[in-house]
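Colleague: I'm new to this one and would like to learn how to read it. Could you walk me through it, feature by feature?

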Amino acid sequence: MIPAPRGTALVPGRRRRIGGLTLCGLLTALGVLGPWITGHRPGDQFGEFVYAPPSAPHIIDADGRLRAPFIYPLVLEDRLERRYAQDRQHPTPLRWFRRGALVSTDEPSQPWFPLGTDALGRDQLARLAGGTRLSLGVALAGALGALLIGALAGSVAGLAGRPVDDAVMRAADFVIALPAVYVVLALRAAMPLVLSTSQVFWTISLVLSAVGWPFAARGVRAVVASEKAREYAEAARAIGATRTRLLLRHLLPATRGFLAVQTTLLVPHFVLAEATLSFVGLGFGEPSPSWGAMLREAGQGRALVEAPWLLAPALAIVAAALAVHLSVGPQPHALRADRL
């Protein structure tokens with residue numbers, strides 16, 4: 001069989017990574033630029049637009065003519081049923097960089113809601129952007145803490161003697177044996193329920209780190225224990241390298257691939273964990289717009305039936321998990337290409 005050209009097998013892996021990085025960039029842009037997209041803050045309320053449906057931009061009017069982007073204003077036909085209709089006789093043009101917003105209208109009485117509003121008339125896009133900063137921030141902080149603790153514990157266990165190794169691994173096994181969801185709920189419930197947004201952020205991050213570190217520790221310990229017996233590690237010790245230098249310069253770099261894979265596993269799990277905590281009332285509460293808090297509103301009464309656009313945070317959770325998996329996950333094609 002004639003082998004494929006060296007760069008051919010890399011294409012699928014590169015496409016996956018580019019797609020994942022693009023999705024990560026979009027989520028980052030949403031979190032950073034959220035307050036300037038429509039000019040609305042997550043807590044701004046528009047009482048005349050409760051459960052208003054999403055407004056899509058148009059470039060072709062009712063007469064079939066091409067024109068600058070615009071929206072059709074929403075008119076509340078039935079306040080009891082919350083039924084809206086589009087006023088196709090008076091289109092409202094969209095303006096760029098007006099009133100502190102990337103895209104907005106010239107009519108304050110007719111704001112633009114790309115993702116609709118919730119039960120209090122708050123812009124779902126503005127709240128989704130705020131939730132991106134909170135939910136992804138908690139997941140990334142928790143994953144970073146778990147990886148740091150796990151890398152430290154695993155490297156010490158793999159490099160030290162048997163008593164230390166056994167003690168660290170038994171502690172990791174004990175934490176892993178516990179049901180993670182109930183442990184997270186119990187740890188969070190044991191803390192004060194009334195906390196500020198920053199306190200909730202760091203509390204959940206620490207709880208997630210405490211639950212997630214054993215998975216990183218076991219893998220790092222296995223890699224370090226295997227690598228320290230190789231020839232290059234023996235040569236480093238022979239020329240006088242200390243344990244610290246041997247670990248930092250030679251052994252820990254060998255764990256980068258494993259830690260990258262752990263990142264793809266921990267971040268999506270921690271996003272779901274934050275959403276679960278906020279959904280049951282132990283995470284971010286009103287008016288903090290985390291994804292879990294927004295989904296809690298979607299599950300109340302007939303809200304989901306009347307306003308299906310409230311499920312936007314669920315789609316954001318799926319997008320975040322997919323983005324991390326594609327951009328950080330292992331690329332099997334690239335590994336095979338290196339061996340051609």
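Colleague: Let's begin with strands. How many bridges join β2 to strand β5, and which way do the two run?

Modeller: Keep in mind that this is a predicted model. To read a strand pair, look for the bridges and then for the directions. Here two bridges join β2 to β5, which spans residues 92-98, and the two strands run antiparallel.

Colleague: Which residues stand opposite each other there?

Modeller: Phe70 faces Pro93 of β5, and Ile71 has Thr92 of β5 opposite.

Colleague: And what joins β1 to β2?

Modeller: Again a pair of bridges: two of them link β1 (residues 58-60) with β2 (residues 66-71), in antiparallel fashion. Try finding Ile60, whose bridge partner in β2 is Leu66. These two strands make a hairpin, with five residues between them. In the turn you'll meet Gly64, with a positive phi of about 80°.

Colleague: In what order do the strands of the sheet come?

Modeller: Walk across the sheet from neighbour to neighbour. You pass β1, β2, β5 and β6, four strands in an open sheet with antiparallel pairing.

Colleague: Why is one side of β1 and of β6 left without a neighbour?

Modeller: Because β1 and β6 (101-105) are the edge strands, and each has a single partner strand in the sheet. As for twist, neighbouring strands of this sheet are turned by 45° against each other on average, direction ignored.

Colleague: Now cavities. How many of 30 Å³ or more does a search of the whole structure find?

Modeller: When you read a cavity, ask about count, volume and lining. The search turns up one of that size, and the largest cavity has a volume of about 40 Å³.

Colleague: Which residues line the largest cavity?

Modeller: Among them are Phe49, Ser55, Tyr72, Leu74, Gln110 and Trp112. Ile71, which we met opposite Thr92, is part of the lining too. By type, the lining has seven nonpolar residues, two polar and no charged.

Colleague: Last, the helices. At what angle do the axes of α2 and α3 cross?

Modeller: For a helix pair, take the distance, the angle, the handedness and then the contact. The axes of α2 (residues 124-159) and α3 (residues 162-177) come within 7 Å and cross at roughly 145°. The crossing is left-handed. From α2, Ala153, Val156 and Ala157 make the contact, and from α3 it's Val164, Asp165, Val168 and Met169. That contact counts six nonpolar residues, no polar and one charged.

How values were computed: Residues numbered from 1 in each chain as written. Predicted model: local features only at pLDDT ≥ 70, side-chain atom pairs only at ≥ 80, totals over all residues. Heavy atoms only, no water. Pairing = 2+ DSSP bridges. Axes fitted to C-alpha atoms, helices over the stretch in contact; angles between N-to-C directions. 1 Å grid on protein atoms, 1.4 Å probe; cavity = no way out; pocket = protein on both sides within 12 Å on 5 of 7 lines; lining within 4 Å. Points joined across faces, edges and corners; volume = space filled by probe spheres on them. Nonpolar A, V, L, I, M, F, W, Y, C, P; charged D, E, K, R; others polar. Left-handed = near helix turned anticlockwise from the far one by under 90°. Contact = heavy atoms within 4.5 Å.
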